Amino acid sequence: MAADTTQNTAAQVLPPPRTEVGVIGWMHANLFSSRLNSALTVVSSALLLLILWYGLRWIFWSADWTVVERVGGLFLIGSYNTELACPGQNCFWRPQVSLLLVTALLGMIWGIMGGGVAKRIAILTAVVAALFAFLPYSLDDMGWDVRILLLANLPATGIGWAVARYTPLGQPRWAVAWGVAAFLITLVLQRGLPNVPGLQPVSVVYWGGLTLNLILAVGGISLSLPIGIALALGRRSNLPVVKLLCVVFIEVFRGVPLITLLFMSQTLVPLAFPEDFPQNSLFRAAVVITLFSSAYMAENIRGGLQALHPGQAEAARALGLPGWQTTLLISLPQAIRNVIPAIVGQFIALFKDTSLVYIIGMVDIVEIGRVFISRPEYLASAREMFVFLAVVFWVFCYGMSYVSRHIERNLGVGQR
């Protein structure tokens, strides 16, 4: 009798309907769960197909991309390798070596983190850099030395990974140290050294292209975070003078447009120094961009600190921890973790703001494109040029956002 009951019960268990499982179930739950959602899905799909139809048709059939090919390496280094910048020498190997340092550093980070997003970024960067060696340029435009250095990015990534995995340098603190060293070496290579064969000094006037944007962005990102943390802590300080100075600094830089600050650094700052004092527009631009971003970063960090429950600081004081240990070991790590999206958003804004250095005469990647399309023969290619520039900025900004999402997922931001 019991066996018959079990068989009848098993026979009555039916599989779930097709509209609840698989792809059809997902579409029913997310796209067609109600009449309104169904209408929105249909309208959105029609608009998306229309955009793709006209957009892809223009990209592959109507657009003329010869202007991008014509600009070529100027997008990357500007007029750095011209006869005016390096008379009688070939300086193009310096940015190539800097790129090798970057790929080796990414390989080290891959070895330290053990895969995941670091592995994908390191391999993708090395492969893309190596693929540039196969561009259909003549040997006069791209010699064998340039192609070999570009192909060397693949073994450079592997060497960095091996160093991190099989040597004592595979510690997180070494990654930070090597990152700082790579940035300083890049600056030395770009600027050059007097009386050193092969390293003839190159004026910052000739620095340009994407290299200029990246140098300003990396320097600003690296310095604005610690300065912003110091300003946020100073604004919360109990010392009236420190608090007043931090408040004035933050509100002044947040209340003035960046383009105005850059213009002031070019016209007013030199008046405070003697006429024979060496002027460096790159240094002034880097300082202004860093301080401007630091003011916004300080408010992001302060928001994270205010979001913490005061009971944690009270518990730390009850355990006898001094104030600096409570801040550095308990409050600040949690505050930074909670505002990672805002911090990364500020980094992305900083990278895009580097395109404003044209106001002080520096030729970044956007200014190079604007100068080219101002020529009569390229006026009709303005759309192609700015679409290309938009894609370049999108790649870097999306890369930072992609890394941010993985960091948030690993830290459990918003989950605990």
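**Figure 1. A salt bridge joins the side chains of Glu299 and Arg235, with 3.0 Å from N to O.** The view is taken from a predicted model. The pair links distant parts of the chain, since Glu299 belongs to helix H14 (residues 281-306) and Arg235 to helix H11, 64 residues apart. Glu299 counts as buried because its relative accessible area is 18%, a value under the 20% limit for buried residues. Arg235 is likewise placed in the buried class, having a relative accessible area of 16%.

**Figure 2. Arg235 also meets Glu251 in a salt bridge between side chains, at 3.1 Å from N to O.** Glu251 is part of helix H12 and Arg235 is part of helix H11 (residues 209-235), so this pair ties together parts of the chain that are 16 residues apart in sequence. Is Glu251 buried or partly exposed? With a relative accessible area of 37%, Glu251 is partly exposed, whereas Arg235 is buried.

**Figure 3. Within helix H14, the side chains of Arg302 and Glu299 form a salt bridge of 2.8 Å, N to O.** The two residues are three positions apart in this helix, so about one helical turn separates them. Both Arg302 and Glu299 are buried.

**Figure 4. A network of salt bridges links Arg235, Glu251, Arg254, Glu299 and Arg302.** Side chains of opposite charge can pair when their charged atoms come close. In this network, Arg235 meets the side chain of Glu251 and also that of Glu299. Glu299 in turn meets Arg302. The structure as a whole holds six salt bridges.

**Figure 5. Gly107 is a buried residue of helix H6.** Helix H6 spans residues 93-113. The relative accessible area of Gly107 is 0%, so this residue is classed as buried. Which residues are in contact with Gly107, once its neighbours within four places in sequence are left aside? They are Ala122, Thr157, Gly160 and Trp161. The C-alpha atoms of Gly107 and Val163 are 8.7 Å apart in space, although the two residues are 56 residues apart in sequence.

**Figure 6. The second largest pocket has a volume of about 460 Å³.** Rolling a probe the size of a water molecule over the atoms shows where empty space is left. The lining of this pocket comprises 19 residues, and those nearest its centre are Arg236, Ala313, Thr326, Thr327 and Ser331. Two elements, helix H15 (310-318) and helix H16 (323-338), each give two or more residues to the lining. Helix H16 gives the most, with six residues. Sorted by class, the lining contains eight nonpolar, nine polar and two charged residues.

**Figure 7. Helices H1 and H12 mark the lowest and highest mean pLDDT among the elements of the protein chain.** The mean is 56 for helix H1 (residues 2-12) and 93 for helix H12 (residues 240-255). Where pLDDT is low, the predicted coordinates should not be read in detail. Over the protein chain, the average pLDDT is 84, and 91% of the residues score at least 70. Helix H12, with the highest mean, is also the helix that contains Glu251.

Note on methods:
Residues numbered from 1 in each chain as written. Predicted model: local features only at pLDDT ≥ 70, side-chain atom pairs only at ≥ 80, totals over all residues. Heavy atoms only, no water. 1 Å grid on protein atoms, 1.4 Å probe; cavity = no way out; pocket = protein on both sides within 12 Å on 5 of 7 lines; lining within 4 Å. Points joined across faces, edges and corners; volume = space filled by probe spheres on them. Helix = DSSP H or I, 4+ residues; strand = E, 2+ residues; numbered from the N terminus. Nonpolar A, V, L, I, M, F, W, Y, C, P; charged D, E, K, R; others polar. Buried < 20%, exposed > 50% of the residue type's maximum accessible area, 1.4 Å probe, protein only. Contact = heavy atoms within 4.5 Å. pLDDT = per-residue confidence, 0-100. Salt bridge = Lys/Arg side-chain N within 4 Å of Asp/Glu carboxyl O.
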